[in-house]
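Q: I'm new to this one and would like a close look at a single part of it. Could you walk me through it in plain words?

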Amino acid sequence: MQSSHAAAAVSSAFDDPNLIAYGGLEPVVRLAERCGLPALAGEHIRLPVSKDGTGAFPAAKLMSLVGGMAAGADSIEDMDRLRHGAMGRLFCGVRAPSTLGSFLRSFTHGHVKQLHAVARRFLPELARHTPLLPGADQAAYVDIDDTIRRTYLSSAEVEAP
C-alpha cells in the first residue's frame, strides 16, 4: 500500500513545560556523576582563558556534550534537545549549542590528550560501577581472525589449584 498524497511539510513542537523527551538520560547523567566524570574534567581539562569564556566551566560543557550525545545528538545544532520541556528542571547547567560549539573549536591536539586522560581515568570507574561482564577479571582468549594457531598459557597466567 502506498499513500497517494505526500505531506508538504511535517513539523512538531515539544513545548510542554512538564514533559521530558529523554527520560532515560537522567540515570546516565547520574552514573557519570557517580563515577566522577565532572570532577575528572574539572581537574584535567585546561583550556586557555578567553574573552568569550570558551575555556570556562569545562566540566559543565563536557557533561552537556555527553548528555546530548546520549540523547542522540549528532551535531552541534542537535544539542538544543537538552533545553526544552522540563529538562531545565531535571538538569542544571546545560549549555547552549553555540557555547558548546565554541568550546569544541577551542581544542587543540594537546587538549584532546587532556580529554583522553579523563577517559582513561573514567573508564575503570565506570566498569567498577556497572558490573556488565561477570568474570571479566579472568583471562579470556578471543580469536578474531581466520588464522588457526595453537594458543598456550604462560606459566604466570596459570593458577595453581
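How much space lies in the largest pocket, and which residues line that pocket closest to its centre?

A: Happy to, with one thing up front: this is a predicted model. The largest pocket holds about 330 Å³ of space. It's lined by 17 residues, and the ones closest to the centre are Val29, Glu33, Met63, Phe91 and Cys92. Sorted by class, the lining comes out as 11 nonpolar, three polar and three charged residues. As for where the lining comes from, helix H1, covering residues 25-34, and helix H3 each chip in at least two residues.

Let's look at one residue from each of those two helices, starting with H1. Ala32 sits in helix H1. Its relative accessibility is just 7%, and because buried means under 20%, Ala32 counts as buried. Setting aside residues up to four places away in sequence, Ala32 touches Leu37, Pro38, Met63 and Phe122. Met63 is also one of the residues closest to the pocket's centre. Ala32 has a partner from much further along the chain, too: Leu126 is 94 residues away in sequence, yet the two C-alpha atoms are separated by 7.6 Å.

Now for the other helix. H3 runs over residues 58-70, and Ser64 is found there. Ser64 is buried as well, with a relative accessible area of 5%. Leave out its neighbours within four places in sequence, and Ser64 is in contact with Met79, Leu82, Gly93, Val94, Arg95 and Leu100.

Methods: Residues are numbered from 1 along each chain as its sequence is written. This is a predicted model: local features need pLDDT of at least 70, side-chain atom pairs count only at pLDDT 80 or more; totals for chains, interfaces and linings use all residues. Side-chain values use heavy atoms; hydrogens and water are left out. Helices (H or I, at least four residues) and strands (E, at least two) are DSSP runs, numbered from the N terminus. Buried means under 20% relative accessible area, exposed over 50%, partly exposed in between (1.4 Å probe, protein chains only). Contact means heavy atoms within 4.5 Å. On a 1 Å grid over the protein atoms alone, a cavity is a set of points where a 1.4 Å probe fits but cannot get out, and a pocket is an open set with protein on both sides within 12 Å along at least five of seven lines; lining residues have an atom within 4 Å of a point. Grid points are joined across faces, edges and corners, and a volume is the space filled by probe spheres set on the points. Ala, Val, Leu, Ile, Met, Phe, Trp, Tyr, Cys and Pro count as nonpolar, Asp, Glu, Lys and Arg as charged, and the others, Gly among them, as polar.
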